[in-house]
Amino acid sequence: MGPRIQEFEAAYAELLGCKHAIALSSCTAALHLAYLAVGVGPGDEVVVPSMSFAATANAVLYCGGTPVFADIVGRDDLGLDVADAAERITDRTKAVCAMHYAGYPAAVDRLREMCDARGIALVEDAAHSPSAELGGRKLGTWGAAGCFSFFSNKVLSVGEGGLLATDDDDVAERVRSLRSHGMTSGTWDRHRGHAETYDVVALGFNYRMDEPRAALLLSRMRSLDGEIARRRAIVRGYRERLASVERLTIPYTDEAVERSSCYVMPTLLDETVDRREFRQELSARGIQTSILYPAIHEFTEYRRRYPDVALPRTEDAARTQVTLPLFPHMTESQLDRVCDAVTKLL
Ligand SMILES: Cc1ncc(COP(=O)(O)O)c(C=O)c1O
């Protein structure tokens, strides 16, 4: 954690327009530290989406808390439903976590109001959404903490890596301390012989990022907005070409695309389509697809812990979702090839 980390953190804080950007080893680490920093501990609850990657909920369990799953808006918007989230708040709720699915803003403006009114923290899982925004404000800066991922398949990728953004000095101080074992001196100070010894003042972790990764991220950041512009153009191309295909829902609006980081191209099939067969047929034509996401509450580990959770809209999306290829250097002819195959199959 030397000068390149500092440079990267300053550049990312400027990109987001926030006070503190703290580089970490992963977004999972960021979520863990975000929940700890807003005070989640044993007996506390955090309202989370089930239509997300497991880390969103796992990190609540790391703190000894209980993830309470809320449903999504529906097939046109896979973000957290504000009314459903509000209904799940109890006197044990410490925080609500919103995830910006595929880079499209969840309703963090309304969630923020709701959380403020009830005196609980809003955490953003912004793993998909670097440089995306809502109402001119970057995603990841709406709540007490925004958590970003730089994993290989992400919009801004470096292998493994993450970051926590916050405007709250207390959250920042706690996260900086906990990312490096709660030690009173940093690795860079000790490396330069500026710190003779150190104390450990809290139970922390090794959630540090390293210099080579920060250097790579700094370099990758220069092309971020250009790559996002390219991603949006490809998504516009998908939306035009697939608009009239039957038995297929393309979530979100044309307008939302212009605020999104367009991490992936989500679609939802009608219940009448055999998803496995559809994906196999695409695969046979050299077109890779994926499923974002299997619902967290339906995983074996979560069913074992919370057998009674039922989220009809999340379950519908988890059953029917298919993600089509999307990457900044995707060509028009590749786009045509995917869209022709999808149209023909459906
Ligand atoms: C929504 C979401 N949250 C959290 C994570 C975890 O990120 P990381 O792999 O950086 O720990 C991911 C990525 O895998 C993700 O997609």
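Good morning. Helices here are DSSP runs of H or I with at least four residues, numbered from the N terminus. The structure shown above is a predicted model, and I shall begin with its ligand.

Two helices matter for the ligand shell: helix 2, spanning 27-37, and helix 3, spanning 55-62, each supply at least two of its residues. The ligand has 16 residues around it, and those that come nearest are T28, D125, S149, K154 and Y293. By character, the shell divides into 7 nonpolar, 7 polar and 2 charged residues.

Which residues have polar atoms at short distances from an oxygen atom of the ligand? For the side chain of Y293, an N or O atom is 2.8 Å from a ligand oxygen. In K154, an N or O atom of the side chain is 3.1 Å from an oxygen atom of the ligand. C27 takes part through its backbone, where a polar atom is 2.9 Å from an oxygen of the ligand. How much of the ligand does the protein bury? Taken alone, the ligand exposes 390 Å², and the protein buries 92% of that.

Let me stay with Y293, which is placed in the loop between helix 11 and helix 12. The peptide bond that joins L292 to Y293 is cis, with omega at about 5°. As a general point, most peptide bonds are trans.

Y293 also enters the aromatic pairs, of which the count comes to 10. Its ring and that of F53 have centres 6.5 Å apart and planes at 45°, so this pair is tilted. Why does this pair tie together parts that are 240 residues apart in sequence? F53 belongs to the loop between strand 2 (45-49) and helix 3, whereas Y293 lies in the loop between helix 11 (275-284) and helix 12 (300-305), so the pair links parts with that separation.

I turn now to the pockets. The largest pocket has a volume of about 520 Å³. It is lined by 26 residues, and the closest to its centre are Q288, L324, P325, L326 and F327. Helix 9 (224-242), strand 14 (321-324) and helix 14 (332-345) each supply at least two residues of this lining. Which element gives the most to the lining of the largest pocket? Helix 14 does, with 3 residues. The lining is made up of 12 nonpolar, 9 polar and 5 charged residues.

One backbone feature remains. S131, in the loop between strand 7 (121-125) and strand 8 (133-134), has a phi near 70°, a positive value in a residue other than glycine. In general, most residues other than glycine have a negative phi.

Thank you.

Technical notes. Residues numbered from 1 in each chain as written. Predicted model: local features only at pLDDT ≥ 70, side-chain atom pairs only at ≥ 80, totals over all residues. Heavy atoms only, no water. 1 Å grid on protein atoms, 1.4 Å probe; cavity = no way out; pocket = protein on both sides within 12 Å on 5 of 7 lines; lining within 4 Å. Points joined across faces, edges and corners; volume = space filled by probe spheres on them. Nonpolar A, V, L, I, M, F, W, Y, C, P; charged D, E, K, R; others polar. Near = heavy atom within 4 Å. Polar contact = N/O pair within 3.5 Å; in protein donor to acceptor, adjacent residues only side chain to side chain. Areas by Shrake-Rupley, 256 points an atom, 1.4 Å probe, with all protein chains shown as cover. Phe/Tyr/Trp six-rings, centres within 6.5 Å; stacked < 30°, edge-to-face > 60°.
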